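Q: Got a minute to go through the holes and pockets in this one with me?
A: Sure, pull it up and ask away.
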Amino acid sequence: MQTLAGQVAIVTGAGKGIGRAAAAALARAGAAVVLASRTYRDCEAAAEEIRSAGGEAVAFGADVADYGQVERVVREALARFGHIDILINNAGVIEPIGYLQDCDPGAWARNVQINLVGAFHCVRAVLPHFLERQRGVIVNVSSGAAVRPREGWSAYCSAKAGLAMLTQAIHLEAGALGVRVYGFQPGVVDTDMQVKIRASGINEISRLPRESLANPADPARVIAWLCTEEARDLAGQELTIRDPALRARAGLAG
Ligand code: NAP
């Protein structure tokens, strides 16, 4: 894989799961990484792991649902590194899990506020900088739920479908101005989100055995690869880790 040396990446939801693995993969590829999630100590632990391995990383506690907190991360990242090259919009929540008639309206809205509005907040905060430099990469961590409804996941599916449209909107407005954006569906991955899904027992995904789930390192590798110039021709697309051609190009086994 091409190097990302000299580049600076912001990863949201970097304290655990796919985000944490993506931060590590980006650091291994040479990028300095800014890790953010609501739980500062998780991000700091992940950042310390990167630093111990010789990489550069800084952690922030921030809620993507709050634009002021997102702006602060971007401002402080710029103050520290002088530029930002990559945004990984990974922060996400599955809850509320439940049938439409049972969902708490506040919890439903909160899901959209994190999964969709939170991603917009991060784009809004970095895009002026990307446009000024006429360069930048955004990976929106999507889901199969963006294109296929699942029982009990109405908020999550709706938010991820909105995120897939946000990917297209970014490509339409900024694609010709040097900004590359990708929607990326990571597959079914062994993280805390899947622990909550299994506990719900509400649909077929919740009944998948844990042993069948992917390791977060797999989608992390593809995310880091998408940030390289090698992926330029795929800009603007909604991609899935299930695509054999994408897997091969990113260096994943069949
Ligand atoms: P996870 O293990 O639950 O991790 C989610 C991360 O997002 C945590 O670090 C969490 O930290 C952070 N986060 C949640 N709400 C946040 C907020 N408001 N502001 C900032 N950070 C927030 O989940 P995951 O499975 O790694 O999921 C990562 C992404 O992949 C999500 O977008 C998810 O929808 C997507 N995805 C996952 C799967 C899967 O099978 N695991 C499949 C398809 C798509 P705090 O709670 O401390 O903030």
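A: One thing before we start: Ala, Val, Leu, Ile, Met, Phe, Trp, Tyr, Cys and Pro count as nonpolar, Asp, Glu, Lys and Arg as charged, and the others, Gly among them, as polar. Also, this is a predicted model.

Q: OK, so by class, what does the lining of the largest pocket have?
A: There are 18 nonpolar, 17 polar and 12 charged residues in that lining.

Q: And how much space lies in the largest pocket?
A: About 1,100 Å³. It has 47 lining residues, and the closest to the centre of the pocket are Asn90, Gly92, Val93, Thr191 and Met193.

Q: Which element gives the most to the lining of the largest pocket?
A: That's H6, with five residues. H1, strand S2 (32-37) and H5 join H6 in supplying at least two residues each.

Q: Where's the ligand in all this? Which pocket is the space taken by the ligand?
A: The ligand takes up the space of the largest pocket.

Q: Which residues around the ligand come nearest?
A: Thr39, Tyr156, Val189, Thr191 and Gln194, out of 29 residues around the ligand. Thr191 also turned up among the residues closest to the centre of the pocket.

Q: How far is an N or O atom in the side chain of threonine 39 from an oxygen atom of the ligand?
A: That distance is 2.4 Å. Backbone atoms come in as well: a polar backbone atom of valine 64 is 3.0 Å from a ligand nitrogen, and a backbone N or O atom of asparagine 90 sits 2.8 Å from a ligand oxygen.

Q: How much of the ligand's area does the protein bury?
A: The protein buries 95% of the 880 Å² that the ligand exposes when taken alone.

Q: Which helices each supply at least two residues of the shell around the ligand?
A: Helix H1 (17-28), helix H5 (154-174) and helix H6 (192-200). H6 has the largest share there, three residues.

Q: And how do the residues of that shell around the ligand divide?
A: Into 12 nonpolar, 12 polar and five charged.

Q: Switching topic. What about the second largest pocket, how much space lies there?
A: About 160 Å³. Its lining comes to 14 residues, with Gln7, Arg135, Val137, Arg180 and Glu229 nearest the centre. By class, that lining is three nonpolar, six polar and five charged.

Q: Now the closed spaces. How many cavities of 30 Å³ or more are there?
A: Two cavities. The largest cavity has a volume of about 70 Å³, and about 50 Å³ lies in the second largest cavity.

Q: What lines the largest cavity?
A: Ile10, Thr12, Ala36, Ala62, Val64, Val70, Val73, Val74, Leu87 and Cys122. Nine of those are nonpolar, one is polar and none is charged. Strand S1 (8-12) and helix H3 (67-81) each supply at least two of them, and H3 has the largest share with three.

Q: And which residues line the second largest cavity?
A: Among them are Thr12, Val64, Asn90, Lys160 and Leu163. Thr12 and Val64 line the largest cavity too. Val64 is also the residue with that backbone contact to a nitrogen of the ligand, while Asn90 has its own backbone contact to a ligand oxygen.

Q: Which element gives the most to the lining of the second largest cavity?
A: H4, with four residues. Helix H4 (105-133) and H5 each supply at least two. By class, the lining divides into six nonpolar, five polar and one charged.

Notes:
Residues are numbered from 1 along each chain as its sequence is written. This is a predicted model: local features need pLDDT of at least 70, side-chain atom pairs count only at pLDDT 80 or more; totals for chains, interfaces and linings use all residues. Side-chain values use heavy atoms; hydrogens and water are left out. A residue is near a molecule or strand if one of its heavy atoms lies within 4 Å of it. A polar contact is a pair of N or O atoms within 3.5 Å; within protein, one must be able to donate a hydrogen and the other to accept it, and residues adjacent in sequence count only if both atoms are side-chain atoms. Accessible areas come from the Shrake-Rupley method with a 1.4 Å probe; for residues, only the protein chains shown count as cover. On a 1 Å grid over the protein atoms alone, a cavity is a set of points where a 1.4 Å probe fits but cannot get out, and a pocket is an open set with protein on both sides within 12 Å along at least five of seven lines; lining residues have an atom within 4 Å of a point. A molecule sits in a cavity or pocket if more than half of its atoms lie within 2 Å of its grid points. Grid points are joined across faces, edges and corners, and a volume is the space filled by probe spheres set on the points.
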